[in-house]
Amino acid sequence: MLEAFWGGLVNIFTWPAFPLMIVGIIVGFWVGILPGLGGAVTLALMIPFIYGMEPIAAFAFLLGMHSVVQTTGDITSILFGVPGEGTAAATIVDGHPMAKKGEAGRALGAALFSSLIGALIGAFALAASIPVIQPLVLALGSPELFMLTLLGISFIASLSGGSVIRGLASGFFGFLLATVGMSDQTATLRYTFGQVYLFDGLSLVPITIGLFAIPEIIDLAVRGTSIAETHFGKLVGVWEGVKDTVRHWGLTVRASLIGTFIGLIPGMGGSVAQWVAYGHAVQSSKDKSRFGQGAVEGVLGPGAANNSKEGGSLIPTVAFGVPGSLSTAILLGAFLIVDLEPGPEMLSKHLDVTFSMVWIIVVANIITVAASFVFLDHLAKITLVRGSLIIPFLLLLIFLGSFATNNDFGDIVVMLLFGLLGYLMVLFRWPRPPLILGLVLGGLSERYLFISVQRYKAEWLTFPGVIVILLLMLAALTYPLVQARYARRRAARGMVREN
Amino acid sequence: MKTRFPTAFLSLLFAAVALWAVFAARDWPFSARLFPWMTAIPLMVLSLVQLVIDLRMSTGETTKVMDFQFSPGVETALARRRTLNILAWVFGFALWIWLLGFEIAIPLMVFLYLKLQGQEGWTLSAVLTVVAYVFFWGIFDRLLHLPMPEARLFMWTERLLGW
């Protein structure tokens, strides 16, 4: 294992992995700074570029890009009060007031350095978890692996919003989409309408691009503004922010651990991690009245948690094929494109690739934070770019990205159709992550179900592992209902008291 | 009570798709229809339950979703107009690619969008158009050697003229 650990580090410094990681970092850098263009969307846009790449080069590019988005997202949040990323919203609460008070440099120093610490702790958690989960994953058979795919959908469905039914339906629709094309078992053509284009099934890339990029482009066009309307002066006090991180090292480490743990729970996502970490920062402070007015601890907590959750969310993704977040759900598609199957093989045959992922997070964040400190003043100015200048380039990327999948115009049509569906889903508040997860896991899920039924008939339903996962699923699905009921009761009690 | 048909539209759509999926799979071998039925039947049931919930929900009531949400603060009529506008650009671009091919559609779309929609200056529009074309040509043509689709308009013209 130690050999794979160091091998993973060496791998990322080989050609073409390292230059690709640098390209990924540069893309992620800008994406993080630009509000309105999320990390998940950019992952979707960049996936077509990994066709033909070796797994390590592909992950160096994608993960290098994704792991720095959160880091630079804080820059926009602090300077303009506009979250560079949805996951950087909590940084605004105290970061932006610090900027207004003339402490923008200090806030940025604190956010960047705590982000680095968070990323390192998250990556360490991913590396440390491998020896622990390896025997567990290798002991799982097809019935348990099939149930895990359902568990992934259940987690994402239950935690992606107020309506579990919508989440589950969205996930099952994704599963259904995965059945389009020729059946692996019987060579039956399913839902193809006699179209040769559909014989190989629906491609993941145009669907992901349509579903995620089109609604964001529409939103950018509807807002019709430049990204940030406020100008700022020269940034000073960055080093003071770094010192703050060291001064409050206990909080930084605890917030990082919170982020890692939340990332580990499939479906929880970064939005949750940042707010829980912010809550902890407030709770653990002696003087709570400073929060919201520009307390540096309010920047350190979310900054660290945002980055540490990335390592955490990769643990279930790599080990079980159950993504910990929307981005890792899209990243799961990348596994399939480079012919890797998440699960047991990632912890045995491809262990070096898994360790490379750990190192990519570490190295990419070190490079990003160092570059951010050097170019901070210039970087922040990018947020003044008008939306109308970005949109044509986004359109270019979505069309070329979709077409490049199979060199078929059909992929563009699929991208447009799913773009409309994505727009309607956002408009009518249907969660999209379960759909994409269903599509990604559909093929695996069907194969595991087929093997289970062929080998054990219906007997597999009584296996202890299957029953345990089923109970976990039920718990995941009923939890939001219990929580909502509890919240209603509390609200009712509050109303009675007021009366 | 007002009904909320627009919100219920997706529930209805998913239920209809699931019903059709179950029906279309009825004659397939067991192994081929096992997974489609295992997914389409729950999808149909869940969508119908959601449809009832949607139709009974009072107008203005919304569901919280942990996913991207459209930015608030833009007046509804303006938002609708801008949405239709950007959709027209998106679908128009697809049509241009189909008719003219990527090589012509890309500079045309980038330039027209910047000039007409973004109301940018001639120089900036021209420079960014060149940047977009060089990006396309450098990465997708020279680096990835992506075979581009033939422009339909030119194909038809060639056929018409008998070339």
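Let me start with how helix angles are taken here: axes are lines fitted to C-alpha atoms, for helices over the stretch in contact, and angles run from 0 to 180 degrees between N-to-C directions. Helices (H or I, at least four residues) and strands (E, at least two) are DSSP runs, numbered from the N terminus.

Now the ground rules. This is a predicted model, where local features need pLDDT of at least 70, side-chain atom pairs count only at pLDDT 80 or more, and totals for chains, interfaces and linings use all residues. Residues are numbered from 1 along each chain as its sequence is written, chains are lettered from A and ligands numbered from 1 in the order in which they are written, and side-chain values use heavy atoms, with hydrogens and water left out.

First stop: helix α9 of chain A, residues 204-223. α9(A) packs with α16(A) at about 170 degrees, and their axes are 10 Å apart. The two are therefore roughly antiparallel, a label for angles over 145 degrees, with under 35 roughly parallel, 65 to 115 roughly perpendicular and the rest oblique.

Who touches whom? Contact means heavy atoms within 4.5 Å. From α9(A) come residues including Ile209(A), Ala213(A) and Ile217(A). From α16(A) come, among them, Ile391(A), Leu394(A) and Ile398(A). The class split is 13 nonpolar, 4 polar and no charged. Here Ala, Val, Leu, Ile, Met, Phe, Trp, Tyr, Cys and Pro count as nonpolar, Asp, Glu, Lys and Arg as charged, and the others, Gly among them, as polar.

α9(A) has another partner, α18(A), residues 433-456. Their axes come within 11 Å and cross at roughly 180 degrees. That makes α9(A) roughly antiparallel to α18(A). Leu211(A) and Phe212(A) are among the α9(A) residues here, and they belong to a contact that includes Leu439(A) and Val440(A) of α18(A). This contact has 9 nonpolar residues, 1 polar and no charged.

Back to α16(A), residues 387-406, and across to chain B. α16(A) packs against α3(B), residues 76-100, at about 45 degrees, with axes 11 Å apart. So these two are oblique to each other. Which residues make the contact of α16(A) and α3(B)? Chain A brings Ile391(A), Leu395(A), Leu396(A) and Phe399(A). Chain B brings Ile86(B), Val90(B), Phe93(B), Ala94(B) and Ile97(B). By class, that is 9 nonpolar, no polar and no charged. Note Ile391(A): it appears in this contact and in the one with α9(A).

Next, the whole interface. In chain B, 74 residues are in contact with 73 of chain A. The buried area is about 6700 Å², and carbon and sulfur atoms give 80% of it. That area is the accessible area (1.4 Å probe) that two parts lose on being put together, summed over both.

How many salt bridges are there between chain B and chain A? The count is 1, taking a side-chain nitrogen of Lys or Arg within 4 Å of a carboxyl oxygen of Asp or Glu. Asp54(B) pairs with Arg166(A), closest N and O atoms 2.9 Å apart. The whole structure has 9 over all chains. One of them joins Asp244(A) and Arg106(A), at 2.5 Å from N to O. That pair links α10(A) and α6(A), 138 residues apart.

Last, two backbone details. The Trp15(A) to Pro16(A) peptide bond is cis, omega near 0 degrees. Pro16(A) sits in the loop between α1 and α2 of chain A. Ala187(A) has a positive phi of about 60 degrees, although it is not a glycine. Ala187(A) lies in the loop between β1 and β2 of chain A.
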